[in-house]
Every structure is written in C-alpha cells, then in structure tokens.
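Reader: I would like a close look at one helix of this model and at the spaces and packing around it. Please keep to what can be computed from the atoms.

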Amino acid sequence: MTRSNARELAVHLIYSRSFTGEEPESTLEARLDRDYYAALSEENEVYAERPSRKQLAYIDKVVVGTANRAQELDEIIQKYSIGWDLNRISRLTRAILQLALFECQYVEDVPVGVAVNEAVTLAKKYDGDDAGTFVNGILRSFLRSREEAPQT
C-alpha cells in the first residue's frame, strides 16, 4: 500500500468518526479488522491491499492525532474558510482538511507540499473540483500565514 492510499484510508476513518463519534482507537480496530476490511475491498480499490506495519503506524498516528486535535484543527479551518460556516463544509472535505493540517503541523516525514497536493486530489476525487479549489485555498492561506508569522 502506498502512502497515498494510506492517506485516503485515514480520511475514510476520520470521516467515519464524524458520524459515529467513537474513540479513534475503536474506529481503527473495527475498520481495520481483517474481515471488515476484506468486505470493503469489493466497494473501493483503496482497500484491495492491507496497509503495511509502517502504513498502519502512519494511519494510527494521523487518525488519533486529528481526533485529539479536532478543535484546534476546526478553528484553523474556520479561520481560513472566510465566509463559510464550519457546518456548511461537507464532512468529507472537513476530514481532508483536518488530516492535511495535522500533517503540515505534526507529521515530520510528510512534506508540506505533499500534504497539500494529496488533500486537493482527495477533495476533487470525493467532493468535486470546487472542493479541491476550496481545500487548496484554505491550506495555502494557512501556510502563508505561518510563513509571515514573526519568528521568536
């Protein structure tokens, strides 16, 4: 499984949590169960291959991390989604943004450009071109503000 596929799988898990509200560890355990996972492979090609240990560690880190920092990530999304109420943003686009923002800030082995490009690609795939443009705008505005922030 590629890192891109692991990222897409992580988005699915983050998105799933937005409906269930379950603890991230429970989500991971249930959705990565061999039988459940195998059944999903018939619906989506991203589930055709099981994640490696390295990819499982990444998925665990980002799913738990976005859950633990959801309020912080949502505040960033709200700040940069000018003219949009957080509740108007689709749950899937929000999950993609949460993951990308978490990667940009807390996952050292993911280059920022990769996090942004992958987020835009996922938003376009699942929510359309407008969502891709929206995601790109929020992430670029966030990154620009970080670059302009005074260094201490």
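Author: The part to examine is α6, in a model that is predicted. This helix has 16 residues and reaches 22 Å from its first C-alpha to its last, close to the 22 Å expected at 1.5 Å a residue. α6 runs over residues 91–106.

Burial comes next. α6 is mostly covered, with 12 of its 16 residues buried. Those buried residues are L92, T93, A95, I96, L97, Q98, L99, A100, L101, F102, E103 and C104. They pack against α1, α4, α5, α7 and α8. An α-helix has 3.6 residues a turn, so residues three or four places apart point the same way.

The nonpolar core can be described from the side of α6 as well. The largest nonpolar core has 48 residues, and the members that touch the most other members are L9, I59, V62, V63 and L139. Elements giving two or more residues to this core are α1, α3 (34–40), α4 (53–68), α5 (70–80), α6, α7 and α8 (129–148). The largest share of the core, 9 residues, comes from α6. I59, one of the core residues named above, touches A6, L9, L13, L28 and P51, not counting residues up to four places away in sequence.

Q98 is a useful residue to follow through α6, the helix in which it is found. Q98 counts as buried because its relative accessibility is 9%, and the cut-off for buried is under 20%. Leaving aside neighbours within four places in sequence, Q98 is in contact with I14, T66, A70, L73, D74 and I77.

Q98 also belongs to the lining of the largest pocket, which has a volume of about 250 Å³. Of the 15 residues that line this pocket, the closest to its centre are I14, R17, S18, R94 and Q98. I14 therefore appears twice, as a contact of Q98 and among the residues closest to the pocket centre. At least two residues of the lining are supplied by each of α1, α4, α5 and α6. By class, the lining of the largest pocket has 7 nonpolar, 4 polar and 4 charged residues.

There is also enclosed space beside α6. Rolling a probe the size of a water molecule over the atoms shows where empty space is left. The structure holds 1 cavity of 30 Å³ or more, and about 30 Å³ of space lies in the largest cavity. Its lining is made up of R7, V11, I96, L99, A100, E103, A115, A119 and L122. Two or more lining residues come from each of α1 (3–20), α6 (91–106) and α7 (112–127). The largest share, 4 residues, comes from α6. The lining of this cavity divides into 7 nonpolar, no polar and 2 charged residues.

On the α7 side of the cavity, L122 is the residue to inspect; its place is in helix α7. L122 counts as buried because its relative accessibility is 6%. Not counting residues up to four places away in sequence, L122 touches R7, E8, V11, I96 and D127. Of these contacts, R7, V11 and I96 also line the largest cavity. L122 can be placed relative to α6 through T93 too: the two are 29 residues apart in sequence and 8.6 Å apart in space, C-alpha to C-alpha.

From α4, the residue to inspect is Y58, which lies in that helix. Y58 counts as buried because its relative accessibility is 4%. Residues up to four places away in sequence aside, Y58 touches R3, A6, R7, L99, E103 and V110. Among these, R7, L99 and E103 are also in the lining of the largest cavity. The C-alpha atoms of Y58 and D109 are 51 residues apart along the chain and separated by 10.0 Å.

For comparison, here is the second largest pocket, with a volume of about 200 Å³. It is lined by H12, L13, S16, R31, Y36, L40, E43, N44 and Y47. α1 and α3 each supply at least two residues of that lining, and the largest share, 3 residues, comes from α1. Its lining residues divide into 4 nonpolar, 3 polar and 2 charged.

Terms used
Residues are numbered from 1 along each chain as its sequence is written. This is a predicted model: local features need pLDDT of at least 70, side-chain atom pairs count only at pLDDT 80 or more; totals for chains, interfaces and linings use all residues. Side-chain values use heavy atoms; hydrogens and water are left out. On a 1 Å grid over the protein atoms alone, a cavity is a set of points where a 1.4 Å probe fits but cannot get out, and a pocket is an open set with protein on both sides within 12 Å along at least five of seven lines; lining residues have an atom within 4 Å of a point. Grid points are joined across faces, edges and corners, and a volume is the space filled by probe spheres set on the points. Ala, Val, Leu, Ile, Met, Phe, Trp, Tyr, Cys and Pro count as nonpolar, Asp, Glu, Lys and Arg as charged, and the others, Gly among them, as polar. Buried means under 20% relative accessible area, exposed over 50%, partly exposed in between (1.4 Å probe, protein chains only). Contact means heavy atoms within 4.5 Å. A nonpolar core is a set of buried Ala, Val, Leu, Ile, Met, Phe, Trp, Tyr and Cys residues joined through side-chain atoms within 4.5 Å. The expected span of a helix is 1.5 Å times one less than its number of residues.
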